[in-house]
Amino acid sequence: MNKAICILLVAILLSNGIGVISTADNIITEMKKTSFEFSTLTFREENQQIEVMIEGTNSFITQPGRPLLPSLIKTFTFPSNTLVKNVFCTPENIQHEHVFQDIRLAPDMIQLNSGEKFEPISSDSFSIFPEEWYDVRIGHGLIEGKRSVIVRVECYPVRYNQMEKTISWIDEINIEIEYESDVTSTQSEEQIDLLIISPAEFADELNPLVTHKNNREISTKLVQLNQIYDGVYFSVEGRDEPEKIKYFIKNAYDEWGISNVMLVGGRYKMPSRETHVQVSNSDKEIFLSDIYYADIYNGSLEFSTWDTNNNDVFAEYQWEGNTDEIDLYPDVKIGRVACIDEQQVTTIVNKIITYETTEAFTKDWFSNLVVIGADTFPGDDKGIDEGEFVNQAIIDVMDGFSTDKIWYSNGRINGIAPTGVQNINNGINEGCGFLDFSGHGAPYLWTTYPHNVSRQILPSPTGSYSNSMISNLENGDKLPIVICGGCSLGKFEANSNCFAWSFLSNPNGGGIASFGATGLGYVYIGEYATYGLVEGLNLRIFEAYNNGAITFGEMWLDAVNDYLGSFNLNAGDYKTLEEWHPFGDPTLSIAGMSEKPLTPDAPSGPTSGRIGEEHEYTAVTTDPEEDDLYYFFEWGEEDNSGWLGPYESDETCTGSFTWEKRGDYQIRVKARDEHGSVSGWSDYLPVSMPQYSQNPLFYEFLSNHPLLYKLFTRII
Ligand SMILES: [Ca+2]
Ligand SMILES: [Ca+2]
Ligand SMILES: [Ca+2]
Ligand SMILES: [Ca+2]
């Protein structure tokens with residue numbers, strides 16, 4: 001795909017008005033009017049197919065087997081007590097144009113496990129696509145910390161008539177949202193921030209966590225499952241255990257004002273909801289979704305049962321022809337610690353308490369990022385190594401992090417000494433704030449392919465990274481948040497120490513929190529790898545951190561909200577969002593409130609010199625709050641200064657290094673404040689440790705005598 005069209009184009013806001021229509025006692029009916037303009041329809045030809053683009057859009061329609069057409073997704077939020085009555089969308093100035101070639105289809109959606117292409121369930125023919133100019137969904141969720149009613153409008157300014165080979169397009173769409181606000185209704189005062197739900201047997205092990213959270217001014221309440229079923233706090237509603245728990249969460253949301261829920265217990269200790277997304281004829285997998293417990297309300301301000309057709313089959317999507325209406329917008333942040341026994345509860349409680357009391361995010365190791373990937377799908381058209389491609393997209397988001405790339409292209413995932421497994425262990429044991437796996441999985445292992453080789457043999461020497469390796473990690477308190485990219489790595493029902501959970505259950509190290517799929521995953525391949533589905537959501541998790549999420553739960557919630565606001569939704573998107581489980585404490589503190597230091601200029605110092613001699617470089621920057629600063633110089637690809645400091649804001653830091661090998665080096669610097677906030681990387685300063693002598697007269701002499709120069713460079 002042409003890179004330019006991936007850039008989100010800002011739609012032109014022509015007008016934005018709110019008018020009061022009528023008032024009846026405490027109910028006010030209002031109208032919000034907005035319009036968006038589209039212009040400059042263009043066609044790009046590739047391989048005898050055309051791709052249609054139009055300015056003013058920010059996404060694409062990604063329905064398998066259907067044309068890839070541009071779309072504009074807009075999300076409007078209203079206070080939680082708003083009732084949306086009507087949404088009117090009016091396309092303006094419809095025009096038609098004949099096209100002489102086929103329109104390129106949406107990228108293939110590939111099942112990670114089998115590598116199989118999605119086969120559309122419905123028949124392959126269509127007359128006009130899409131059928132309408134727009135799609136409107138109304139939901140209820142938690143947006144930027146506020147309980148909100150959400151109107152999600154997806155506009156399709158270009159439609160394709162396959163029979164007549166014409167496209168129709170509009171240059172404007174008007175959106176009018178009619179809604180009622182109940183000005184007298186009030187939200188409950190927030191009393192409890194974190195609700196912990198656990199079986200009775202884990203309660204005493206959890207008490208230290210409750211005390212710790214309350215001491216940190218995160219008001220926390222532990223409720224046991226039997227108290228929910230016995231109606232100790234609220235009257236009991238619900239047809240089965242998961243629904244009783246969900247009603248309890250709804251009541252706690254209404255009465256106690258909770259915004260975080262932590263579920264304690266694995267498959268047999270803490271009930272889970274089975275969901276039914278039929279992605280294709282070959283994928284009728286039933287998988288678990290804790291998002292069920294987080295998505296409490298729908299856009300009509302009603303309890304969201306996830307079974308709107310009342311057939312006791314939950315979360316159906318094209319399941320034997322049935323679909324339950326689900327808004328998917330979480331109303332609380334959620335996380336599960338899938339403990340199978342008291343020992344595991346004590347382990348995770350101790351890890352969370354230590355992580356937070358030591359403020360892990362202020363430590364030197366935290367700004368390390370370890371990424372692991374290779375060629376997820378050998379044989380795509382452009383020979384892209386999707387794992388490395390996704391890893392790189394994450395590195396680009398995590399500006400300021402020092403990266404350890406365990407890749408095929410740099411020989412580190414397939415090495416002999418050290419092996420790929422050793423490189424992964426070393427990367428984790430040295431300490432990193434985040435760890436990203438991008439490839440394939442099963443509940444007990446992660447694996448991937450070498451470039452264009454269709455045998456899963458990485459990492460070397462075992463061909464996989466397994467749960468038992470994770471259980472043996474000894475990284476102590478240097479605990480990463482782990483993103484497990486691949487199928488079924490979070491399938492805790494199949495393996496009570498599944499890959500994603502085994503990072504948390506390790507008492508001597510491992511990880512502090514993780515994300516992983518409870519079922520088969522879907523991705524786009526090649527250059528589309530980050531354009532939605534599993535890897536698209538992963539990338540958004542990192543973006544959420546970079547955009548200021550300060551808890552683990554916010555990382556997940558912001559990523560889900562961003563995903564819903566960015567992508568056209570097909571069965572694969574539903575499955576991705578429902579299966580992508582956060583494992584850990586949703587209130588886990590992962591960043592301070594501090595503003596990061598300004599990005600420093602490139603280091604200053606000599607741009608050439610001799611090997612074996614020490615060279616000095618300086619850097620300086622400003623912290624907006626005048627916090628003390630630490631500096632980190634990268635002396636090329638392999639060496640760095642470690643963190644130097646503390647220095648006062650605006651005080652110059654000097655770092656020095658002695659290169660031992662001749663060559664050209666790119667050096668750069670970043671700064672971190674005392675609260676752990678890291679600046680972006682500076683620009684590079686190129687430094688040359690040249691082949692020839694540094695005596696300028698000698699160099700001038702040589703450059704005037706090319707033959708001698710050649711001879712000289714050959715000698716040294
Ligand atoms: Ca149903
Ligand atoms: Ca919702
Ligand atoms: Ca590939
Ligand atoms: Ca600061």
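Guide: Two strands count as paired if DSSP finds at least two bridges between them. Keep that cut-off in mind as we look around this predicted model.

Visitor: What makes β35 and β38 a pair?

Guide: Seven bridges join strand β35 (residues 629-635) to strand β38 (residues 663-673). The cut-off is at least two, so β35 and β38 count as paired, and they run antiparallel. One position to look at is phenylalanine 632, whose bridge partner in β38 is lysine 670.

Visitor: How do you know that β38 also pairs with β39?

Guide: By the bridges again: five of them join β38 to strand β39 (residues 685-689), and these strands run antiparallel. Here tyrosine 665 stands opposite valine 687 in β39.

Visitor: Which strands stand at the edges of the sheet with the order β8-β15-β14-β11, and why are they edges?

Guide: That open sheet has four strands with antiparallel pairing. β8 (95-98) and β11 (128-129) each have a single partner strand, so one side of each is left without a neighbour in the sheet. Within this sheet, four bridges join strand β14 (residues 158-161) to strand β15 (residues 166-169), and arginine 159 stands opposite serine 168 in β15.

Visitor: How do you know that β20 and β22 are paired?

Guide: Two bridges join strand β20 (residues 274-277) to β22. The rule asks for at least two, so β20 and β22 qualify, and they run parallel. Valine 277 stands opposite tyrosine 317 in β22. Both strands belong to an open sheet of three strands, in the order β21-β20-β22, with mixed pairing. Its edges are β21 (286-288) and β22 (316-317): each has a single partner strand, so one side of each is left without a neighbour in the sheet.

Visitor: Which helix lies across β20, β21 and β22?

Guide: That is α13, which runs at about 165 degrees to β20.

Visitor: Let's turn to helix packing. Why are α11 and α12 called oblique to each other?

Guide: The axes of helix α11 (residues 533-546) and helix α12 (residues 552-566) come within 8 Å and cross at roughly 125 degrees. Roughly antiparallel needs an angle over 145, and roughly perpendicular covers 65 to 115. The angle of roughly 125 degrees fits neither class, so α11 and α12 are oblique. Their crossing is right-handed.

Visitor: What makes up the contact of α11 with α12?

Guide: Residues from both helices, including Leu537, Arg540 and Ile541 of α11 and Met555, Trp556 and Asp558 of α12. The contact residues divide into eight nonpolar, one polar and five charged.

Visitor: And why are α11 and α13 called oblique?

Guide: α11 and helix α13 (residues 571-579) pack at an angle of about 50 degrees, with their axes 9 Å apart. Roughly parallel means under 35, and roughly perpendicular starts at 65. The angle of about 50 degrees fits neither, so α11 and α13 are oblique. This crossing is right-handed. Leu533, Val534 and Leu537 in α11 meet Gly572, Asp573 and Thr576 in α13. Those residues divide into three nonpolar, two polar and one charged.

Visitor: How many residues does each side give to the contact of domain 3 with domain 4?

Guide: The domain assignment places domain 3 at 359-583 and domain 4 at 594-716, and their C-alpha centres lie 32 Å apart. Nine residues come from domain 3 and ten residues from domain 4. On the domain 3 side they divide into two nonpolar, four polar and three charged.

Methods. Residues are numbered from 1 along each chain as its sequence is written. Chains are lettered from A and ligands numbered from 1 in the order in which they are written. This is a predicted model: local features need pLDDT of at least 70, side-chain atom pairs count only at pLDDT 80 or more; totals for chains, interfaces and linings use all residues. Domain bounds come from an automatic or database domain assignment. Two residues are in contact if their C-beta atoms, placed from the backbone, lie within 7 Å. Ala, Val, Leu, Ile, Met, Phe, Trp, Tyr, Cys and Pro count as nonpolar, Asp, Glu, Lys and Arg as charged, and the others, Gly among them, as polar. Axes are lines fitted to C-alpha atoms, for helices over the stretch in contact, and angles run from 0 to 180 degrees between N-to-C directions. A crossing is left-handed if the near helix is turned anticlockwise from the far one by less than a right angle, and right-handed if clockwise.
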